Amino acid sequence: MSLLGCPLSQILAHHTVYFGGNNKSFILGSSSSSLSFLAPLEAILFDIDGTLCDSDPIHYHAFREMLQEIGFNGGTPITEEFFIQRISGKHNEQLCEVLLPDWDFPRAMKFMYDKEAFFRRLAAENLQPMNGLNKLCKWIEDRGLKRAAVTNAPKPNAKLLLSMLCLDDYFKTLVLAEECDRVKPFPDPYLKALVTLGVSNKHTFVFEDSVSGIKAGVGAGMPVVGLATRNPEELLLEAGAIFVIKDFDDPKLWSALEKVENKAKITPGTS
């Protein structure tokens, strides 16, 4: 397996990678909401859906309507709890098995393509950036940090959302899980982002809102800050999030960023 022509063995040689489980050994000695061990910070990686924007309600609406049309669950609309537990954060190929196991794969994928088209029509009218996103983007840019958007979403969705958020130029690196050997919750998309940006997982962290995304970031050896956009905080912490914030205005986040920045300014021999 390779990422951007880089053998996985080579990636493993340069990055500490964790596969599966709630392995937080890379943050031993840090407080639960600290990122100071990452200093000097090199890069920040972002999921898109539910992280840069609160798009899950739009996905939920699209799935609810289309699944009801085909008689899923006896024609009873799916609940938001079902969406969070069974759908949110998963790649469409995974959802074919979860939602439509009795359908042949091409037919199930056609349903997913139609759902994504419906989502894009709805998103074009209803999408809003996550609170505090513009402030955070400016903070990152002012400090010259590298960044990438890393998503399980299909390319048309990812492009649309970044464009609507006016971030298509800001995120010059877009990693699509569908172009990796394995999608989230496997670490491949985040490993590819590290290789593309030329940064270390020891100086990079991730923003994610889903269990599968958090597992992917942790699996790639990075701390993940969870966003409790729709998923319960306890669920995100169980998946391996180092701490959880409400949105990008959360004081907990800005306190952590201030600490990592201050630590980077301390030089050896300075008391």
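How many aromatic pairs does the structure hold? The structure holds 11, where rings of Phe, Tyr and Trp (its six-membered ring) pair if their centres lie within 6.5 Å. Before I turn to them, a word on the basis. This is a predicted model, in which local features need pLDDT of at least 70 and side-chain atom pairs count only at pLDDT 80 or more, while totals for chains, interfaces and linings use all residues. Residues are numbered from 1 along each chain as its sequence is written, and side-chain values use heavy atoms, with hydrogens and water left out.

Let me begin with Phe46 and Phe171. Their ring centres are 5.5 Å apart and their planes stand at 70°, an edge-to-face pair (planes under 30 degrees apart count as stacked, over 60 as edge-to-face and the rest as tilted). Phe46 belongs to strand β3 (residues 43–46) and Phe171 to the loop between α7 and β5 (174–176), so the pair ties together parts 125 residues apart in sequence. Helices (H or I, at least four residues) and strands (E, at least two) are DSSP runs, numbered from the N terminus. Both Phe46 and Phe171 are buried, that is, under 20% relative accessible area, with exposed meaning over 50% and partly exposed in between (1.4 Å probe, protein chains only).

A second edge-to-face pair joins Phe207 and Phe248, with centres 5.0 Å apart and planes at 80°. Phe207 is in strand β6 (residues 204–208) and Phe248 in the loop between β8 (243–245) and α11, 41 residues apart. Phe207 is buried at 0% relative accessibility, and Phe248 is buried with a relative accessible area of 0%. These four residues, together with Tyr170 and Phe205, form one aromatic cluster.

I turn next to Asn152, in the loop between β4 (146–151) and α7 (155–164). Is Asn152 buried or exposed? At 9% relative accessibility, Asn152 counts as buried. A polar atom of its side chain lies 3.3 Å from the backbone oxygen of Gly89, and the side chain of Asn152 also reaches the backbone nitrogen of Lys184 at 3.2 Å.

Finally, the helices. Helix α6 (residues 133–142) and helix α11 (residues 251–265) pack at about 5°, with axes 13 Å apart. The two are therefore roughly parallel (angles under 35 degrees count as roughly parallel, over 145 as roughly antiparallel, 65 to 115 as roughly perpendicular and the rest as oblique). Lys135, Leu136 and Trp139 of α6 meet Trp254, Leu257 and Glu261 of α11 in this contact, where contact means heavy atoms within 4.5 Å.

Key
Axes are lines fitted to C-alpha atoms, for helices over the stretch in contact, and angles run from 0 to 180 degrees between N-to-C directions. A polar contact is a pair of N or O atoms within 3.5 Å; within protein, one must be able to donate a hydrogen and the other to accept it, and residues adjacent in sequence count only if both atoms are side-chain atoms.
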